[in-house]
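The following note is offered to a student who is beginning to read protein structures. It takes up pockets and then a sheet, in numbered points.

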Amino acid sequence: MSARTLFHRGEWAAAESGRTFAVHDPATGDTVGEASDGGAVDTARAVTAAHDAFPAWAALPARERSAVLMRWNALLLSRQEEVARTLVAENGKPIKEARAEVAYGAGFVEWSAEEAKRIYGETIPFSVPGKRHIVLRQPVGVTGAITPWNFPLAMVTRKVAPALAAGCTVVLKPAEQTPLTAAIAIKLLAEAGAPPGVANLVTGSDPAPIGHTLLTDPLVRKITFTGSTEVGKLLMRGAADQVKKLSLELGGCAPFLVFADADLEKAAEGLLWCKFRNAGQTCICANRIYVEEAIYDEFLKRFTEKVRAIRVGCGLAEETQLGPLIDAAALAKVEEHVDDARRHGARVFCGGRRLTEGSLARGNFYEPTVLASASGAMRCMREETFGPVAPIAPFRTEDEAVRLANDTRYGLAAYFYTRDVSRVVRLMERLEYGIIGANDPSPAVPQAPFGGFKESGIGREGGKFALEEFLEVKHVCLGV
Ligand code: ADP
């Protein structure tokens with residue numbers, strides 16, 4: 001029987017075309033499942049279902065929407081292992097990271113459930129005695145949510161949960177590499193009691209017709225997207241025609257600064273996590289590392305020793321610390337970045353090649369890599385590498401470090417390590433980034449805002465900020 005991973009009006013369905021597509025394990029290339037190959041017609045159906053479900057969902061008392069989300073949270077946590085294993089099968093990340101992602105992803109559901117009850121309106125003092133001014137917050141409406149493959153669960157919950165909490169209904173389009181985790185998430189949401197049509201799923205191998213339908217169907221009032229800056233711009237252009245509301249969480253090129261007064265052990269450990277988790281495939285991974293000249297050699301040595309000890313392998317093995325890259329294109333990009341860095345004079349301290357030993361040959365494995373003598377001429381210092389490559393360059397002064405860090409079109413996350421409190425304050429104010437890790441490599445939590453300056457995006461996810469993205473503000477002027 002063909003895969004039925006489309007979900008609309010509370011029913012699982014095959015694609016209108018009858019087509020399916022295979023989902024691959026990045027560690028072996030094996031097929032691990034198949035998904036319905038949805039297109040424009042399937043998307044339009046899902047949008048209509050979401051539109052029909054919207055008035056009743058928006059009108060529910062907040063605590064009832066909250067209760068559905070609370071049950072979703074509980075189901076995700078009770079099925080943590082199953083979800084984590086599916087996630088590893090299609091994404092490749094180490095199982096420990098996958099388990100942590102399920103807990104992190106459920107955290108957005110829990111937070112949104114709690115926050116659903118706190119969508120307050122306002123009254124504003126009048127200036128003319130015969131008038132009263134009331135502010136309502138109302139759900140935007142049908143929301144198209146487009147998610148990436150690097151956090152197949154957490155990016156789904158980070159969008160769907162606040163949208164539902166606010167009273168919106170959703171059409172979710174997950175990445176073509178990771179539709180199976182999204183299907184489990186939506187199945188559990190239905191089990192949690194989301195009424196038919198409230199959360200709909202369109203999987204597909206070609207995002208273009210699905211995206212086009214979400215952009216052009218006037219019933220869709222909001223698009224929330226996490227992915228590349230290029231696709232984000234395309235969606236922004238497409239959304240302009242109907243002035244659809246947009247939230248965009250796009251690429252980054254995170255700088256990681258280590259000052260001579262830092263706790264070097266903490267900085268090296270922090271960088272190890274910040275650079276190599278998810279094989280370097282997160283938009284807030286350290287992309288370019290700047291180390292103060294006085295400690296440059298010592299830091300390089302200390303960090304490289306740690307990198308050499310990273311255990312690479314299949315994500316399902318408990319001991320694995322670094323899994324494969326998502327696909328052949330990702331591997332090719334990393335190879336290009338390292339070759340380009342070599343041509344521009346980088347010294348390869350460790351790694352620097354694709355791994356082809358034994359069973360690794362079947363997957364998209366790249367050796368954890370440290371590049372010294374990195375410079376601004378190299379692509380890996382200007383573009384998002386999205387792989388396990390750490391290019392390191394020296395700097396002399398704080399001003400130079402800030403200038404280098406801000407010299408980019410991106411502005412998502414920046415990190416620095418120093419023990420000087422005044423410097424902490426100066427840097428947190430001067431760095432042009434939406435997220436700052438000050439002596440911390442892991443800033444993303446469900447209750448705090450996540451999003452970027454410049455070409456890294458528009459809007460914020462997480463915390464009370466997340467719900468605002470799914471609400472319209474309405475002023476009622478009441479004559480009395
Ligand atoms: P990456 O390069 O990390 O895969 P993308 O921006 O290509 O990032 O993908 C992120 C999400 O955007 C995925 O769900 C993908 O299918 C979707 N996507 C890609 N191209 C389009 C498009 N033209 N319209 C709508 N969604 C798209």
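1. In this predicted model, the largest pocket takes its lining from two domains: domain 1 (6-250 + 456-479) and domain 2 (254-445) each supply at least three residues. The space within this pocket comes to about 930 Å³.

2. Which residues lie nearest the centre of the largest pocket? They are Trp149, Phe225, Gly227, Ser228 and Val231, out of 39 residues that form the lining. Four elements give two or more residues to this lining, namely helix 7 (207-216), strand 10 (220-226), helix 8 (229-240) and helix 11 (328-343).

3. The chemical character of the lining of the largest pocket may be described by class. Nonpolar residues number 18, polar residues 12 and charged residues 9.

4. The second largest pocket holds about 330 Å³ of space. Its lining consists of 20 residues, and those closest to its centre are Tyr104, Phe151, Trp273, Arg277 and Ala444. The elements that contribute two or more residues to this lining are helix 4 (95-115) and helix 5 (154-166).

5. Which element provides the largest share of the lining of the second largest pocket? That share belongs to helix 4, with 5 residues. By class, the lining of the second largest pocket comprises 9 nonpolar, 4 polar and 7 charged residues. For this pocket, too, domain 1 (6-250 + 456-479) and domain 2 (254-445) each give at least three residues to the lining.

6. The next topic is a sheet. Strands of a sheet pair through backbone hydrogen bonds, in either a parallel or an antiparallel manner. In the present model, 3 strands form an open sheet with antiparallel pairing, and their order is 5-6-22. Strand 5 (122-124) and strand 22 (471-479) are the edge strands, each of which pairs on one side only. From one strand to the next, the twist averages 25°.

7. How many bridges join strand 5 and strand 6? Strand 5 pairs with strand 6 (residues 131-139) over 3 bridges, in the antiparallel sense. Within this pairing, the student may locate Thr123, which stands opposite Ile134 of strand 6.

8. In review, both pockets should be examined with the domains in mind: the lining of the largest pocket draws at least three residues from each of domain 1 and domain 2, and the lining of the second largest pocket likewise draws at least three from each. The sheet may then be traced in the order 5-6-22, with strand 5 and strand 22 at its edges.

Technical notes
Residues numbered from 1 in each chain as written. Predicted model: local features only at pLDDT ≥ 70, side-chain atom pairs only at ≥ 80, totals over all residues. Heavy atoms only, no water. 1 Å grid on protein atoms, 1.4 Å probe; cavity = no way out; pocket = protein on both sides within 12 Å on 5 of 7 lines; lining within 4 Å. Points joined across faces, edges and corners; volume = space filled by probe spheres on them. Nonpolar A, V, L, I, M, F, W, Y, C, P; charged D, E, K, R; others polar. Domains from an automatic or database assignment. Pairing = 2+ DSSP bridges. Axes fitted to C-alpha atoms, helices over the stretch in contact; angles between N-to-C directions.
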